[in-house]
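Open the model in your viewer and keep the sequence panel beside it. The tour goes stop by stop, with a selection at each.

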Amino acid sequence: MENTRILLVDDETDFTDTMSQLLQTRGYRVTAVNGGESAIKALGQGRYDVMVLDLKMPGMDGMATLKEAKKLEL
């Protein structure tokens, strides 16, 4: 569990801040971003075991983010 990396993607910073803190206290390594473009950038810079992805976000929504993430051949 201590090496499990989680990418949180949500436009609501209160959610990502709170969820990040909770997961980190449980031993997870968490990266939180606030949009689809930032998620794609994070995925390009490192590997994650889990991505928690909000579907309704301004700009690049969750489905568009997921489609782009699949193209990265992770």
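In which helix is D17 found? Select D17: it is in helix α1. Keep in mind throughout that this is a predicted model.

**Stop 1: helix α1**

Show the accessible surface around D17. Its relative accessibility is 45%, so D17 counts as partly exposed. Now draw a distance from D17 to L43, C-alpha to C-alpha. The two residues are 26 apart along the chain, and the separation in space is 19 Å.

Stay in α1, which covers residues 13-25, and select S20. Is S20 buried or exposed? S20 counts as buried, because its relative accessibility is 9%. Display what surrounds S20. Leaving out residues up to four places away in sequence, S20 touches L8, V30 and A32.

**Stop 2: strand β2**

Follow that last contact to A32, which has its place in strand β2. A32 counts as partly exposed, because its relative accessibility is 34%. Beyond four places in sequence, the contacts of A32 are L8, T16 and S20. Add V52 to the selection. V52 and A32 are 20 residues apart in sequence, and their C-alpha atoms are 9.5 Å apart.

**Stop 3: strand β1**

Select β2, residues 29-33, together with β1. How do these two strands run? They run parallel, with 5 bridges joining them. For one pairing, pick I6: its bridge partner in β2 is V30.

Now colour β1 by accessibility. Of its 5 residues, 4 are buried, so the strand is largely enclosed by the rest of the structure.

**Stop 4: the largest nonpolar core**

Which residues make up the largest nonpolar core? Select L7, V9, V33, A39, I40, A42, L43, Y48, M57, M60 and A69, 11 residues in all. Colour the set by element. Two elements, β1 (5-9) and α2 (36-45), each give two or more residues to this core. The largest contribution is from α2, with 4 residues.

**Stop 5: M57**

From the core, centre on M57, which lies in the loop between β3 and α3. Its relative accessibility is 8%, so M57 counts as buried.

Which residues does M57 touch, not counting those up to four places away in sequence? Show V9, D10, D11, G35, G36, G62 and T65. Take G35 from that list and draw a C-alpha distance to M57. The two are 22 residues apart in sequence and 7.0 Å apart in space.

**Stop 6: D54**

Move along the loop between β3 (50-53) and α3 (62-71) to D54. D54 is buried, yet has no salt bridge. How far away is the nearest side chain of opposite charge? That side chain belongs to K56, and the distance is 8.2 Å.

Now turn to the backbone of K56. Its nitrogen lies 3.3 Å from a polar atom of the D54 side chain. Setting aside neighbours within four places in sequence, D54 is in contact with V9, D10, D11 and G62.

**Stop 7: helix α3**

Select T65, which is found in helix α3. T65 counts as buried, because its relative accessibility is 0%. Leaving aside neighbours within four places in sequence, display its contacts: G36, A39, I40, L53, M57 and M60. Draw a line from T65 to A39, C-alpha to C-alpha. The line spans 7.5 Å, with their positions 26 residues apart in sequence as the separation.

**Last stop: a salt bridge**

How many salt bridges does a search of the whole structure find? It finds 1. Select K71 and E68, which form a salt bridge with their closest N and O atoms 3.1 Å apart. The pair is separated by about one helical turn, because K71 and E68 are 3 residues apart in helix α3.

Finish with the accessibility of each partner. K71 has a relative accessible area of 58%, so it is exposed. E68 counts as partly exposed, because its relative accessibility is 31%.

Definitions and conventions. Residues numbered from 1 in each chain as written. Predicted model: local features only at pLDDT ≥ 70, side-chain atom pairs only at ≥ 80, totals over all residues. Heavy atoms only, no water. Core = buried A, V, L, I, M, F, W, Y, C linked by side-chain atoms within 4.5 Å. Buried < 20%, exposed > 50% of the residue type's maximum accessible area, 1.4 Å probe, protein only. Lys, Arg positive; Asp, Glu negative; His and termini not counted. Salt bridge = Lys/Arg side-chain N within 4 Å of Asp/Glu carboxyl O. Polar contact = N/O pair within 3.5 Å; in protein donor to acceptor, adjacent residues only side chain to side chain. Contact = heavy atoms within 4.5 Å. Pairing = 2+ DSSP bridges.
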